[in-house]
Amino acid sequence: MNISKDRKTFERLFRLFVEIGEKRLGRALTADEIKQGSAQIISTVIDDTKDYYDIEIERINHNTENKNMIIKVTDKRLLQATGGIIQGMSGSPIIQNGM
């Protein structure tokens, strides 16, 4: 096992995944660009199919590294299927203003 070679391979793959993600979803918003208001999450909840679900970003706390947003699920399909956010959805991308 060559740790240096493995690390370089990992770094290349990581950069490739970021590039693919940016091409498919657009550039990720920085913490300062996120605003209160309407947004969507992308998740695979119903029939293991990727879909967009409406949410509302109610509060943003820029003073913490994690748990810095309060969101409310407003999408009736998602509420009916899950009752809201469930375990495993915390990494779902949030789309706001097309980004």
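Start by selecting Val73 in this predicted model. Leaving aside residues up to four places away in sequence, Val73 touches Asp54, Ile55, Leu78, Leu79, Gly84 and Ile85. Keep Val73, Ile55 and Leu78 highlighted, as they come back at the next stop.

Now build up the largest nonpolar core. Besides Val73, Ile55 and Leu78, add Ile34, Ala39, Ile41, Tyr53, Ile57 and Met89, and you have its nine residues. Color the strands β1 (37-43) and β2 (51-60) next: these are the elements that give two or more residues to this core. Which of the elements gives the most to it? That's β2, with three residues.

From Val73, hop along to Asp75. You'll find Asp75 in the loop between β3 (69-73) and α2 (76-82). Is Asp75 buried or exposed? Its relative accessibility is 6%, and buried means under 20%, so Asp75 counts as buried. Show its neighbors too: setting aside residues up to four places away in sequence, Asp75 touches Tyr52, Tyr53 and Asp54. Two of those names should ring a bell: Tyr53 belongs to the largest nonpolar core, and Asp54 is touched by Val73.

Last stop: the second largest pocket. Select Ile41, Met69, Ile71, Ile85, Met89, Ser90, Gly91, Ser92 and Ile94 to see what lines it. The space itself has a volume of about 190 Å³. What kinds of residues make up the lining? Six are nonpolar, three are polar and none are charged. While you're here, look at Ile41 and Met89 again: both line this pocket and both are part of the largest nonpolar core. Ile85, also in the lining, is one of the residues Val73 touches, which brings you back to where you began.

Methods: Residues numbered from 1 in each chain as written. Predicted model: local features only at pLDDT ≥ 70, side-chain atom pairs only at ≥ 80, totals over all residues. Heavy atoms only, no water. 1 Å grid on protein atoms, 1.4 Å probe; cavity = no way out; pocket = protein on both sides within 12 Å on 5 of 7 lines; lining within 4 Å. Points joined across faces, edges and corners; volume = space filled by probe spheres on them. Nonpolar A, V, L, I, M, F, W, Y, C, P; charged D, E, K, R; others polar. Helix = DSSP H or I, 4+ residues; strand = E, 2+ residues; numbered from the N terminus. Buried < 20%, exposed > 50% of the residue type's maximum accessible area, 1.4 Å probe, protein only. Contact = heavy atoms within 4.5 Å. Core = buried A, V, L, I, M, F, W, Y, C linked by side-chain atoms within 4.5 Å.
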